[in-house]
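Please work through the exercises below with the sequence and the model at hand. Each task is followed by a solution in steps.

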Amino acid sequence: MKIAVLGYSGAGKSTLAGILADYYDIPVLHLDSVGWTYGWQVRDREERKKIVKEFMKNESWVIDGNYNSLFLRERLEQADRIFILSFNRFFCLKSAFKRYFTYKGKTRPDMAEGCEEKMDIKFIFWILFKGRTRKKRNHYKRIRNRYPSKTFWLTDRKQVNRYIENILENG
């Protein structure tokens, strides 16, 4: 099983990816942990690509994150399932604040070591506006239209929970 999880910041991509990886007992790669190094320094582009390319050699995987430059087309082609979390911007902001208070002063399990959880006006602006451009929305719609039989377009937490309950009940 190969699974790609995409969506807006704060929607819960890493959480869903972790649940799916645990359920299917397959490795997970959080692209935020690839994109950054200690202290929020951007990882070298070639090193990022090498990490993702090597991970994609696994027979099964879950990869969460957008990062178009990290073999997005290949990830989508190889994926048996694609999840797009298209949640309301205010829900995402609320979730990001909840995550911030949960991990404040610590590194989340899905981040690179030394990247302590932070919240600033730039990130808030990203969640509410800059990460939600028409171009981004259309990008997700094109993915859904290109891979309709394997794409799960989820617009709220209830849909995610129903999907998880369904696989737990039915496999």
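The exercises that follow concern a predicted model and treat its strands, its salt bridges, a charged patch and two backbone angles.

**Exercise 1. Strand E1 and its cover**

Task: Determine whether the residues of strand E1 (residues 2-7) are buried or exposed, and which residues lie on each face.

Solution.
Step 1. The cut-off for a buried residue is a relative accessible area under 20%.
Step 2. Six of the six residues of E1 are buried, so the strand is largely enclosed by the rest of the structure.
Step 3. One face carries Lys2, Ala4 and Leu6, the other carries Ile3, Val5 and Gly7, and both faces are covered.

**Exercise 2. Strand neighbours**

Task: State which strands pair with E1, and in which sense.

Solution.
Step 1. Strand E5 (residues 61-64) pairs with E1 in the parallel sense, over four bridges. In this pairing, Lys2 stands opposite Trp61.
Step 2. Strand E6 (residues 81-85) also runs parallel to E1, and five bridges join the two. Here Ala4 faces Ile82 of E6, and Gly7 stands opposite Leu85.

Task: Continue from E6 to strand E7 (residues 151-154) and describe how the two strands pair. How many residues of E6 are buried?

Solution.
Step 1. E6 and E7 pair in the parallel sense, with four bridges.
Step 2. Leu85 of E6 stands opposite Leu154 of E7. Leu85 is thus a residue to consider in two pairings, since Gly7 of E1 also stands opposite Leu85.Step 3. Five of the five residues of E6 are buried, and the strand is mostly covered.
Step 4. Arg81, Phe83 and Leu85 point one way from E6, while Ile82 and Ile84 point the other way; all are buried.

**Exercise 3. A salt-bridge network**

Task: State how many salt bridges a search of the whole structure finds, and then follow the partners of Arg108.

Solution.
Step 1. Side chains of opposite charge can pair when their charged atoms come close.
Step 2. The search of the whole structure finds seven salt bridges.
Step 3. One of the partners of Arg108 is Asp32, with the closest N and O atoms 3.9 Å apart. Arg108 lies in the loop between helix H5 (89-103) and helix H6 (121-128), and Asp32 lies in helix H2 (residues 31-35), so this pair ties together parts that are 76 residues apart in sequence.
Step 4. Arg108 also forms a salt bridge with Asp110, and here the closest N and O atoms are 3.0 Å apart.
Step 5. Accessibility can now be assigned. Arg108 counts as buried because its relative accessibility is 5%. Asp110 likewise counts as buried, at 11%. Asp32, at 27%, counts as partly exposed.

Task: Describe the salt bridge between Glu117 and Arg99, and name the residues of the network that contains them.

Solution.
Step 1. The side chains of Glu117 and Arg99 meet at 3.2 Å, N to O. Glu117 lies in the loop between H5 and H6 and Arg99 in helix H5, so the pair ties together parts that are 18 residues apart in sequence.
Step 2. Glu117 is buried, with a relative accessible area of 6%, whereas Arg99 is partly exposed, with 22%.
Step 3. Salt bridges that share partners join Asp32, Arg99, Arg108, Asp110 and Glu117 into one network.

**Exercise 4. A positive surface patch**

Task: Identify the residues that form a positive surface patch, and place Arg144 within the secondary structure.

Solution.
Step 1. The patch is formed by Arg134, Arg137, Lys141 and Arg144.
Step 2. Arg144 is found in helix H7 (residues 134-146).
Step 3. A residue of a patch must have over 30% relative accessible area. Arg144 has a relative accessibility of 31% and counts as partly exposed.

**Exercise 5. Positive phi angles**

Task: State where Asp25 and Tyr67 lie, and what is notable about phi in Asp25 and in Tyr67.

Solution.
Step 1. Most residues other than glycine have a negative phi.
Step 2. Asp25 has a positive phi, near 55 degrees, and is a residue other than glycine. Asp25 is placed in the loop between helix H1 (13-24) and strand E2 (28-30).
Step 3. Tyr67, which is not a glycine, has a positive phi of about 30 degrees. Tyr67 lies in the loop between E5 and helix H4 (72-78).
Step 4. With a relative accessibility of 70%, Asp25 counts as exposed. Tyr67, at 25%, counts as partly exposed.

Note on methods:
Residues numbered from 1 in each chain as written. Predicted model: local features only at pLDDT ≥ 70, side-chain atom pairs only at ≥ 80, totals over all residues. Heavy atoms only, no water. Patch = residues over 30% accessible without salt bridge, like charges linked within 9 Å, V, L, I, M, F, W, Y side chains within 5 Å. Areas by Shrake-Rupley, 256 points an atom, 1.4 Å probe, with all protein chains shown as cover. Salt bridge = Lys/Arg side-chain N within 4 Å of Asp/Glu carboxyl O. Lys, Arg positive; Asp, Glu negative; His and termini not counted. Charge placed at Lys NZ, Arg CZ, Asp CG, Glu CD. Buried < 20%, exposed > 50% of the residue type's maximum accessible area, 1.4 Å probe, protein only. Pairing = 2+ DSSP bridges.
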